[in-house]
Amino acid sequence: MRKEMIIIFILLILVSLFLLVQCGNTVTIKVSKKSISNTGATVVVTDKSSQKYTWGTEYFLQVKENGKWKRLDFLEPSHSPANVDTLLGYILDEKHQITQSIDWERRYGKLPNGTYRIVKIGFDTTTREDVYFYSNEFKIK
């Protein structure tokens, strides 16, 4: 019985250590509640992952409909100049963050009331692939 308790205790310590390490290796996208309007918002990207990502201006919006996320359609075709992102690269500050103001009116128009989220696209420099990161959901009222 004592041997089993020691094994369980060691496993709990290992799981706790794993969770602590993983909590520090994350990317979060937070929409500033004070900045939300029907034409845009400000997001803060915090990248404390061990992966190496580059960050640009790329994003798209999703709306929650009937409990499911649906990508919003652009007002104009995707190849339209209104939907082309500027090729800028952002450097993380000392807090491992970047702040971006997003004006989506040219892509989506003025959004109606609803629940939304922003999907930012990071580029993994190791795998050379795009990775999608989802913001916290926010409401337009």
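Tutor: A charge sits over a ring if NZ of Lys or CZ of Arg is within 6 Å of the ring centre and within 35 degrees of the ring normal. Keep in mind that this is a predicted model.

Student: What makes Arg107 a charge over the ring of Tyr59?

Tutor: The charged end of Arg107 is 4.5 Å from the centre of the Tyr59 ring. The cut-off is 6 Å, so the distance passes, and Arg107 is listed as sitting over that ring.

Student: What puts Arg71 over the face of Phe60?

Tutor: Here the distance from the ring centre is 3.7 Å. That again falls within the 6 Å limit, and Arg71 lies over the face of Phe60.

Student: Let's stay with rings. How many aromatic pairs does a search of the whole structure find?

Tutor: The search turns up 7 aromatic pairs. One of them is Tyr53 with Trp55, whose ring centres are 6.0 Å apart and whose planes meet at 55°.

Student: Why is that pair of Tyr53 and Trp55 called tilted?

Tutor: Centres have to lie within 6.5 Å for rings to pair, and 6.0 Å makes it. Stacked needs planes under 30 degrees apart and edge-to-face needs over 60; 55° is neither, so the pair counts as tilted.

Student: Are those two rings buried or exposed?

Tutor: Both are buried: Tyr53 has a relative accessible area of 17%, and Trp55 has 2%. Buried means under 20%, so each of these values qualifies.

Student: What makes Phe74 and Tyr108 an aromatic pair, and of which kind?

Tutor: Their centres are 5.5 Å apart and the planes are at 45°. The distance is within 6.5 Å and the angle lies between 30 and 60 degrees, so this pair is tilted as well.

Student: Why is that pair said to tie parts together?

Tutor: Phe74 is in the loop between strand S4 (68-71) and S5, while Tyr108 is in helix H2 (residues 105-108). The two are 34 residues apart in sequence, so the ring pair links parts that are separated along the chain.

Student: How do you know whether Phe74 and Tyr108 are buried or exposed?

Tutor: Phe74 is at 22%, so it misses the under-20% cut-off and counts as partly exposed. Tyr108, at 7%, is buried.

Student: Which residues do ring pairs link into a cluster?

Tutor: Tyr53, Trp55 and Phe133.

Student: On to the strands. What makes S1 and S2 a strand pair?

Tutor: At least two bridges are needed. S1 and strand S2 (residues 40-47) have 5, in the antiparallel sense, and Val31 stands opposite Val43 in S2.

Student: In what order do the strands of the open sheet run?

Tutor: The order is S1-S2-S5, with 3 strands and antiparallel pairing. Strand S1 (27-31) and strand S5 (97-103) are the edges, each pairing on one side only. From one strand to the next, the twist averages 20°.

Student: What makes strand S6 mostly covered?

Tutor: In S6 (residues 114-124), 9 of the 11 residues are buried, that is, under 20% relative accessible area.

Student: How do you know which strands S6 pairs with?

Tutor: Set the bridge counts against the minimum of two. S3 joins S6 through 8 bridges, S7 (residues 129-134) through 6, and S8 (residues 138-140) through 3, so these count as pairs. Partners include Phe60 with Val119, Gly122 with Val131 in S7, and Tyr116 with Phe138 in S8. In the hairpin of S6 and S7, with 4 residues between the strands, Arg128 has a positive phi near 60°.

Student: Why is Lys64 called partly exposed?

Tutor: Its relative accessible area is 34%. Buried is under 20% and exposed is over 50%, so Lys64 falls in between.

Student: What makes the link between Lys64 and Glu137 a polar contact?

Tutor: Their side chains are joined at 3.1 Å, and the limit is 3.5 Å. Lys64, in strand S3 (residues 53-65), also touches Trp69 and Thr115.

Student: Why is Ser135 called buried?

Tutor: Ser135 has a relative accessible area of 7%, so it is under the 20% limit. Ser135 lies in the loop between S7 and S8, and leaving aside neighbours within four places in sequence, it is in contact with Ile29, Val31, Arg117 and Ile118.

Terms used. Residues numbered from 1 in each chain as written. Predicted model: local features only at pLDDT ≥ 70, side-chain atom pairs only at ≥ 80, totals over all residues. Heavy atoms only, no water. Axes fitted to C-alpha atoms, helices over the stretch in contact; angles between N-to-C directions. Buried < 20%, exposed > 50% of the residue type's maximum accessible area, 1.4 Å probe, protein only. Contact = heavy atoms within 4.5 Å. Polar contact = N/O pair within 3.5 Å; in protein donor to acceptor, adjacent residues only side chain to side chain.
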